[in-house]
Amino acid sequence: MMKLLNLCRLAVASFVLIGPAVWSANAAEPMPSIGAHGEWRTYGRDYGQQRFSPLDQINTKTVHHLVPKWIYQTGTATTFSTSPLVADGVMYITAPFSHVVALDAKTGRQIWRYDHKRTSDKLCCSPANRGAALGYGKIYVATVDAHLVALDRQTGKPVWDIALADKVLDRTEAKNVMAAADPLHARNVTGSTGAGAVIAPLVYDGKVFVGITGVGYGLHLDSPRPGAPLGAVVGVAGRYGRPGFLAAYDAETGNEVWKFETTQKGWEGEFRTNTPDGMPLPRNIAAEKAALEKYSDAWQFGGGSVWHPPAVDTKTGILYFGVGNPSPQAADETRPGDNLYTVALVALEAATGKLVWSYQQVPHDMWGYDVASPPTLFDVEIDGKMVPAVGEASKLGWYYVHDRRTGALLFKSEAFVPQDNLFTPATPQGVRITPGPAGGANWSPASFDATRGVVYVAGSHIPMIYRTAELPAQGDKPAVPYTIIEPSNEANWGTLTALDLTTKGRIRWQAKTDQPLIGGALATAGGLVFTGQGNGEFSAFDAASGAKVWSFNCGAGVNAPPVSYEIDGKQYVAVAAGGSKIWGFRQGGAIVVFGLAD
């Protein structure tokens, strides 16, 4: 009885946190954080990023009758990771290359389409876009060429378009830094350090919050096998990249309100020899301090991408978001110090951008352990008291839970993927490390069910080989060290894991999947958890037991987070089926919407 009472208290506390704001039909007013019972108006459905649907028409008893209701083809077959929004019977999706489409959410009929005209055909990273934001009579989209565009919600016509990053500052690696005998010379470059924007913006309190990505991307090379995952990531010692940032813009005008750079002067920090949770780090502190004078400007090239929209506590006005790896990626010789605030969970004042606290999961990261999965806000019982918390599914394979007032680590979960050689430095011969930069949990959002006190995490087992190499000295030019991260030649697979937060993150159940889970989870009041795989399988699992109870093959990789909504008393589940080039999953360009058979 006590355990049930605690779960109910947890659910009530969480509901109070994310309760909807007052909204009127006036276009100048904000959209509510949740909206009507059957809508999905923000990336995570609520400001706490819980990604939980209260709908229960589709449940463990009826899910066997789930069938496709309509399909919309974007016309572009490439990496597709959008999270649809649904408001007032209209669905808004972002297609690859940052196009935006408004659809009748009941029939799939196109209402309008905005085709983004890029300022450059050269992209640092992927063409993917993770979703739009809705509010103040507008749709906001962050674009692959690092712009923030506001569209009229009714027509899709641009209202304003601002550049987020000056392309002149792009400093990127090139293949000519690799030794001539390196077999990677035969590979094609598929991406490199630069500036873009892939995240769904967040609209809150008259502002649009958005960050840039790609600033510590490293040199991405293709695989020698067609259709295979990424071949290699190369990190080159030197001055590559720029500081990433999260910034606030006026929702009406687009004017910048504030900007928080994710690497700043003084980023050297304490020169920690262990992670904050006590894991030893293999750092040569003496060598780093000796290099400090020569590389005192390293923070100006420091990286720190923002891969997801922040969560916001509407009671305190505090934003929570994660930061990616430092630049150069993996090669650490030219960036001495802890490299604050990379690979960290960060809390800022939403009104001012002032730092409240930060927690660096991996100081001086050499493995690509971006804090990439969106944080989730909830309340959790610790020693008999309810504590406002923020949780984050990490690339390391643990789910971290913090006191969101102070950043103090409350606990971390049991590992939800295998771990081997964590924090082992690269060697010339190569060392197998798992999880690597693919995760653990990558950018995929988790889903939190407050009534059960459980968070559902989509994970991946993708071991990687880390090795070091060097471009030999040439005349008066010194040798240039670089680090290579390549997939290990072994089977990859995924895990959907139910982590019980009432028992400090113990695994309640775990379902192994044939392929890594890149895309995210959706839990519903119908007792179901939905997720997809790169082979096209879109599946529902029993939230209580983890048993797979339904599956449908969408024809292309399901590597995007599902959402659920209701129209005219009928529940629907929607997901993008378009795969992902970087993971080698079959590409397409469809939004597939499911409902119960009539």
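Reader: In which loop does proline 435 lie, and which peptide bond leads to it?

Author: In this predicted model, proline 435 lies in the loop between strand 26 (431-433) and strand 27 (447-449). The peptide bond that reaches it from threonine 434 is cis, with omega near -5 degrees.

Reader: What is the general rule for peptide bonds and for phi?

Author: Most peptide bonds are trans, and most residues other than glycine have a negative phi. A second cis peptide bond to examine here joins serine 327 and proline 328, where omega is about 0 degrees. Proline 328 belongs to the loop between strand 19 (318-322) and strand 20 (344-349).

Reader: Which residues other than glycine have a positive phi?

Author: Aspartate 88 is one of them, with a phi of about 55 degrees. This residue is found in the loop between strand 3 (85-87) and strand 4 (90-95). Phenylalanine 423 is another, with phi near 60 degrees, and it lies in the loop between strand 25 (409-412) and strand 26.

Reader: Is each of these two residues buried, partly exposed or exposed?

Author: Aspartate 88 has a relative accessible area of 43%, so it is partly exposed. Phenylalanine 423 has a relative accessible area of 5%, and because buried means under 20%, it is classed as buried.

Reader: How should one read the pairing of strands?

Author: Strands of a sheet pair through backbone hydrogen bonds, either parallel or antiparallel. In this structure, strand 8 (residues 138-142) and strand 9 run antiparallel and are joined by five bridges. Across this pairing, tyrosine 140 stands opposite alanine 150 in strand 9. The two strands form a hairpin with four residues between them, and alanine 146 in the turn has a positive phi of about 60 degrees.

Reader: What pairs with strand 9 in the antiparallel sense over five bridges, and which residue of the hairpin takes a positive phi near 80 degrees?

Author: The partner is strand 10 (residues 158-163). Histidine 147 has alanine 163 in strand 10 as its bridge partner. The hairpin of strand 9 and strand 10 has five residues between the strands, and glycine 156 is the residue with a positive phi near 80 degrees.

Reader: Why is strand 9 described as largely enclosed by the rest of the structure?

Author: Strand 9 covers residues 147-152, and five of its six residues are buried, so the rest of the structure largely encloses it.

Reader: In what order do the four strands of the open sheet stand?

Author: The order is 18-19-20-21, and the pairing is antiparallel. Strand 18 (311-313) and strand 21 (355-360) stand at the edges; each has a single partner strand, so one side of each is left without a neighbour in the sheet. From one strand to the next, the twist averages 15 degrees. Within this sheet, strand 20 and strand 21 pair over five bridges, and leucine 345 has tyrosine 359 in strand 21 as its bridge partner.

Reader: How may a single residue, such as lysine 259 in strand 17, be described?

Author: One may state its location, its exposure and its contacts. Lysine 259 is found in strand 17 (residues 256-261). Its relative accessible area is 36%, so it is partly exposed. Not counting residues up to four places away in sequence, lysine 259 touches Leu164, Phe245, Leu246 and Ala247.

Reader: What separation is there between the C-alpha atoms of lysine 259 and serine 444?

Author: These two C-alpha atoms are separated by 25 Å, and the residues are 185 residues apart along the chain.

Methods:
Residues numbered from 1 in each chain as written. Predicted model: local features only at pLDDT ≥ 70, side-chain atom pairs only at ≥ 80, totals over all residues. Heavy atoms only, no water. Buried < 20%, exposed > 50% of the residue type's maximum accessible area, 1.4 Å probe, protein only. Pairing = 2+ DSSP bridges. Axes fitted to C-alpha atoms, helices over the stretch in contact; angles between N-to-C directions. Contact = heavy atoms within 4.5 Å.
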